[in-house]
Structures are given as structure tokens and as C-alpha cells.
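Me: I am new to this structure. Please take a close look at one part, the charged side chains and how they pair up, and then go on to the surroundings.

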Amino acid sequence: MATQFRIRPAQEHEVADVVRFIRLLAEYEKMLDEVAATDEEIRQSVFVRHEAEVVFAEEAEDGGEFMKVGFALFFHNFSTFVGHKGLYLEDLFVLPEKRGRGYGKALLKHLASIAIERGCGRMEWVCLDWNKPSIDFYKSIGAVPMDEWTIYRLDENALHDFLRKL
């Protein structure tokens, strides 16, 4: 059985698939109750305002139809220290039954090539502390954890509360 594999940009008519993968990732991360994004919000953010980009990983067996097996959502940030934009990987997910076939690594390689092509100074992402399989994988490709940094967040309610306190 011959398997074909490709990575391609998501299209606007596939917004429901983007949201499906976001929800699958959130379920894996035990954070499904935090997903509030709707199809329309993702459509506007990704395909209308171009605030982020999405690529799908797809496979087809024996010349059959390509099926989505993973996705990555990313956007550009900026490093004042490096003096260049960077590529920030927000989400990467491969279906559990398709893991171990190199699809996650292929997605990361694809994003790394985009980062280089676009003149990015670096590529970054975060990983949950308990996700040992992903941490081990990231370290195996040369990614370095930034242990001395702590991420701080103001969610939407906290942003409003903060502004009211000024």
C-alpha cells in the first residue's frame, strides 16, 4: 500500500475543518471547555484579516482521496533583540492514529522553511509541561526550552478589569 503525503495551505471553504482540528487539539490538551472560537471568528481572523495562517497535512493511500491528518496554525511575531519578525507556531496537531509516521516533523519542517523563506529570525512555540512525548520530540529536533521564561496572560475579562483600575 503506497501512501502519499502533502502539506498545503488551508482554504476558506475549509474553516470548519480548521475549527475541528482546534477542538481536537484542545481535547488532547484537556482544555476543550476553553474553546470559544466559532467558524465565523476563525474565518474572519485567518481568511479575511490574515491574522494567522493554517496548513493541513494530508495523506492518501493508493492514489485515493487525500484526507486531513494534521494541521498547524501560525502567525508572525517580532523580536526586538533579533531585529526581525519570527514565526510563532500557535497550534500543531496530528490525529492520534496517524502519529509516529513523521507527519508532525514534516509540518515543523514546512514551517521552518516558511520562516527561512520569509526572513524570520526564529521560530517559537509553547508546550504544556505534562506533554512529555511532544517535549521529547521537540528536543530531538534541536529545539531548546526557554526554562527561564514564564508566560503571563491577561484574558479578555482581565484586560477589561485592568483598564477599569487605571
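Reply: A good starting point is Arg8, which has a relative accessible area of 17%. Anything under 20% counts as buried, so Arg8 is a buried residue. The model is a predicted one, and the values that follow are computed from it.

Arg8 has a charged partner: Arg8 and Glu14 form a salt bridge, and their closest N and O atoms are 2.4 Å apart. Glu14 is buried too, at a relative accessibility of 5%. Both ends of this pair are therefore covered, with Arg8 at 17% and Glu14 at 5%. The pair is one of 15 salt bridges in the structure.

Two other pairs sit in helices. The first joins Arg43 to Glu40, with 2.9 Å between the closest N and O atoms. Both residues belong to helix α2, which covers residues 39–48. Arg43 and Glu40 are three residues apart there, or about one turn of the helix. Neither end counts as buried: Arg43 is partly exposed at 22% relative accessible area, and Glu40 is partly exposed at 41%.

The second helical pair is Asp136 with Lys132, where the closest N and O atoms are again given as 2.9 Å apart. These two residues are four apart in helix α4 (residues 132–140), so about one helical turn separates them. Asp136 is partly exposed, with a relative accessible area of 38%. Lys132 reaches 52% and counts as exposed, because the cut-off for that word is over 50%.

Salt bridges can also share partners. In this model, such sharing joins Arg6, Arg8, Glu14, Asp17, Arg20, Glu58 and Lys68 into one network. The buried pair described at the start, Arg8 and Glu14, is thus part of that network.

Another lysine is worth placing beside these pairs. Lys98 is in the loop between β4 and α3, and at 17% relative accessibility it counts as buried. The side chain of Lys98 makes a polar contact with the side chain of Glu59, at 2.4 Å. The strand before this loop, β4, runs over residues 84–94 and contains Val94. Val94 is buried, at 7% relative accessible area. Val94 and Phe71 are 23 residues apart in sequence, but their C-alpha atoms are 6.7 Å apart in space.

Next come the loops on either side of α2. Lys30 lies in the loop between α1 (residues 15–28) and α2. Lys30 is not a glycine, yet its phi is positive, at about 60 degrees. With 64% relative accessibility, Lys30 is exposed. In the loop between α2 and β2 is His50, which is likewise not a glycine and has a positive phi of about 55 degrees. His50 is exposed, with a relative accessible area of 60%.

Helix α2 also helps to line a pocket. The second largest pocket has a volume of about 160 Å³. Its lining has 13 residues, and those closest to the centre are Pro9, Ala10, Glu53, Val54 and Val55. At least two lining residues come from each of α2, β2 (53–61) and α3 (103–117). Strand β2 gives the largest share, three residues.

The last stop is helix α5, residues 156–165. Of its ten residues, the number buried is zero, so the helix lies largely in the open. Asp155 caps the N-terminal end of α5, with a side-chain oxygen 3.2 Å from the backbone nitrogen of Asn157. Leu163 is in this helix and is exposed, at 56% relative accessible area. Leu163 also belongs to a nonpolar surface patch with Leu154, Leu159, Phe162 and Leu166. Together the five have about 540 Å² of accessible area.

Definitions and conventions
Residues numbered from 1 in each chain as written. Predicted model: local features only at pLDDT ≥ 70, side-chain atom pairs only at ≥ 80, totals over all residues. Heavy atoms only, no water. Salt bridge = Lys/Arg side-chain N within 4 Å of Asp/Glu carboxyl O. Buried < 20%, exposed > 50% of the residue type's maximum accessible area, 1.4 Å probe, protein only. Polar contact = N/O pair within 3.5 Å; in protein donor to acceptor, adjacent residues only side chain to side chain. Patch = residues over 30% accessible without salt bridge, like charges linked within 9 Å, V, L, I, M, F, W, Y side chains within 5 Å. Areas by Shrake-Rupley, 256 points an atom, 1.4 Å probe, with all protein chains shown as cover. 1 Å grid on protein atoms, 1.4 Å probe; cavity = no way out; pocket = protein on both sides within 12 Å on 5 of 7 lines; lining within 4 Å. Points joined across faces, edges and corners; volume = space filled by probe spheres on them.
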